[in-house]
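User: I would like to go through the labels attached to this model and ask, for each, what justifies the wording. Please set the values against the criteria as you go.

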Amino acid sequence: MKFFVTALMATAAWGCAMAAQPQDTIAKTLAERIPQLQTVDEITATPMKGLYEVRIGNDVFYSNATGDYLIQGELIDTKAQRNLTEDRINQLTAIDFKQLPLEDSIKIVRGNGERQIAVFEDPNCGYCKRFERDLQNVDNVTIHMFLYPILSRDSVEKSRNIWCAKDQNQAWHDYMLKDKAPAAASCDIDAIQRNLALGRKHKITGTPTLIFADNTRVPGAIPATEVEKYLAAAHKQ
């Protein structure tokens, strides 16, 4: 009997120890002290001893093992010369090219169109206009252009007029390359609303944002020579 009681107590103690894992402690402490952190999606150990990643959606924070301290910032691996926070966020916000709703984009084919790229653009974005001019030098590519009006109310209006135009490609290029405003038009623009929702989900906060067929995501108006490098790398895969 004594052995049985001792074993039972040991089992209970082991169960308590298991329940007191740092992840449980952190979640409990944060929920009690910061109401906005009632729902934490994931808590994992980082390469830095005693530091834990606290993930809420696509947002990343850091905490000590007791949840007494919460850090909002970037974790840098100085030995590997890597921004671990940036790597993690890129992982969380990665876009699977094969899962993109291409039917919600304007399809532009040049040459044989064998290489593919998706681009999120706002018609009022100056960087996008520069990018479009440079993109004219890229051939044998299919461009899936997602209208992504995030800069102003006028961006929404212009996006609607381009999407609803009889010739979407012509309307897009006339405006981006020639500054010829699209004629007023109306139609179902649910696709544009879906683009905005998709962008928010994947934290697309600037235009242009490029997604290549190998899922590589590149923000900003990179030159045609760089586009060619990414297209070539993606095509090999």
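User: Where does Pro-208 lie, and what makes the bond before it cis?

Analyst: In this predicted model, Pro-208 belongs to the loop between helix 7 (190–201) and strand 10. The peptide bond that joins Thr-207 and Pro-208 has an omega of about -5°, and it is a cis bond. Most peptide bonds are trans.

User: What makes the phi of Asn-140 worth a remark, and where is that residue placed?

Analyst: Most residues other than glycine have a negative phi. Asn-140, a residue other than glycine, has a positive phi near 55°, and its place is in the loop between helix 4 and strand 9.

User: Why are strand 1 and strand 4 called edge strands?

Analyst: The sheet in question is open, with four strands in the order 1-2-3-4 and antiparallel pairing. Strand 1 (42–45) and strand 4 (70–71) each have a single partner strand, so one side of each is left without a neighbour in the sheet.

User: How do you know that strand 1 and strand 2 pair?

Analyst: Pairing requires at least two bridges between the strands, and strand 1 and strand 2 (residues 51–56) share four bridges in the antiparallel sense, so the criterion is met. Within this pair, Ile-43 stands opposite Val-54 in strand 2.

User: Which helices are said to pack on that sheet, and at what angles?

Analyst: Helix 2 (residues 22–33) touches strand 1, strand 2, strand 3 (59–64) and strand 4, with a direction that makes about 55° with that of strand 2. Helix 3 also packs on the sheet, touching strand 1, strand 2 and strand 3, and its direction makes about 135° with that of strand 3.

User: What is the order of the five-strand sheet, and what kind of pairing does it have?

Analyst: This open sheet has the order 7-9-8-10-11, with mixed pairing. Its edge strands are strand 7 (106–110) and strand 11, each of which pairs on one side only, and the twist averages 20° from one strand to the next.

User: How do you know that strand 8 and strand 9 count as a pair?

Analyst: Seven bridges join strand 8 (residues 115–121) to strand 9 (residues 141–147), which run parallel, and at least two are required, so the two strands pair. One of the matched positions is Ile-117, whose bridge partner in strand 9 is Ile-143. Helix 4 (residues 126–135) lies across strand 7, strand 8, strand 9 and strand 10 (209–212), running at about 160° to strand 8. Helix 6 (residues 168–178) packs on the sheet as well, touching strand 7, strand 8 and strand 9, and its direction makes about 80° with that of strand 7.

User: What makes the lining of the largest pocket a contribution from two domains?

Analyst: The domain assignment gives domain 1 (22–93) and domain 2 (97–235), and the lining draws at least three residues from each of them. The centres of domain 1 and domain 2, taken over C-alpha atoms, are 34 Å apart. The pocket has a volume of about 330 Å³ and is lined by 16 residues, of which Asn-90, Thr-93, Lys-203, Arg-217 and Pro-219 lie nearest its centre. Helix 3 (84–92) and strand 11 (217–219) are the elements that give two or more residues to this lining.

User: How do the lining residues divide by character?

Analyst: The lining of the largest pocket has five nonpolar, nine polar and two charged residues. Lys and Arg count as charged and Pro as nonpolar.

Conventions
Residues are numbered from 1 along each chain as its sequence is written. This is a predicted model: local features need pLDDT of at least 70, side-chain atom pairs count only at pLDDT 80 or more; totals for chains, interfaces and linings use all residues. Side-chain values use heavy atoms; hydrogens and water are left out. On a 1 Å grid over the protein atoms alone, a cavity is a set of points where a 1.4 Å probe fits but cannot get out, and a pocket is an open set with protein on both sides within 12 Å along at least five of seven lines; lining residues have an atom within 4 Å of a point. Grid points are joined across faces, edges and corners, and a volume is the space filled by probe spheres set on the points. Domain bounds come from an automatic or database domain assignment. Contact means heavy atoms within 4.5 Å. Axes are lines fitted to C-alpha atoms, for helices over the stretch in contact, and angles run from 0 to 180 degrees between N-to-C directions.
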